[in-house]
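Morning, everyone. I have one structure to go through today, so please look at the screen.

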Amino acid sequence: NFRPDLIKIDMDVLRGLDNDAGRYAIVSGVVAIARALVQEPEILLADEPVASLDPRYTRLVMDALAEVNRRYGITVLCNL
């Protein structure tokens, strides 16, 4: 089962980002994922979760979604 206390933003990753826009995009994505997980869904639908991100930030968000699947067993469906 999902445990909200397991949600963690990796502050080292955020500190390593090049600019405030990148930090904002990643934090916004992580917060959106966390908000969805609090509802304990069976399926997480992500509509264009990386549409405005560069490849580096895209990887971070997609890795987070993959971790949701691995750790909690939640099906993640992305419309890219």
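I will take confidence, then a pocket, then the nonpolar core.

This is a predicted model, so to speak plainly, confidence comes up before anything else. The mean pLDDT over the protein is 75, and 71% of the residues score at least 70. Where is confidence lowest, and where is it highest? The low end is helix α1, residues 11-15, with a mean of 51. The high end is strand β2, residues 75-79, at 92. As a general caution, predicted coordinates should not be read in detail where pLDDT is low.

Next, the second largest pocket. The space in this pocket comes to about 230 Å³. Its lining is made up of 14 residues, and those nearest the centre are G29, A32, I33, L45 and A46. Which elements supply at least two residues each to that lining? They are α2 (20-38), β1 (43-47) and α3 (55-72). Of the elements, α2 gives the most, six residues. By residue class, the lining has nine nonpolar, three polar and two charged residues.

Now the largest nonpolar core. This core holds 14 residues, and the members touching the most others are L37, L44, V61, L65, V68 and I74. Two or more residues of this core come from each of α2, β1 and α3. The largest share is that of α3, with five residues.

Put side by side, α2, β1 and α3 each give at least two residues to the pocket lining, and those elements also each give two or more to the core. That is what I have; I will take comments now.

Terms used:
Residues numbered from 1 in each chain as written. Predicted model: local features only at pLDDT ≥ 70, side-chain atom pairs only at ≥ 80, totals over all residues. Heavy atoms only, no water. pLDDT = per-residue confidence, 0-100. Helix = DSSP H or I, 4+ residues; strand = E, 2+ residues; numbered from the N terminus. 1 Å grid on protein atoms, 1.4 Å probe; cavity = no way out; pocket = protein on both sides within 12 Å on 5 of 7 lines; lining within 4 Å. Points joined across faces, edges and corners; volume = space filled by probe spheres on them. Nonpolar A, V, L, I, M, F, W, Y, C, P; charged D, E, K, R; others polar. Core = buried A, V, L, I, M, F, W, Y, C linked by side-chain atoms within 4.5 Å. Buried < 20%, exposed > 50% of the residue type's maximum accessible area, 1.4 Å probe, protein only.
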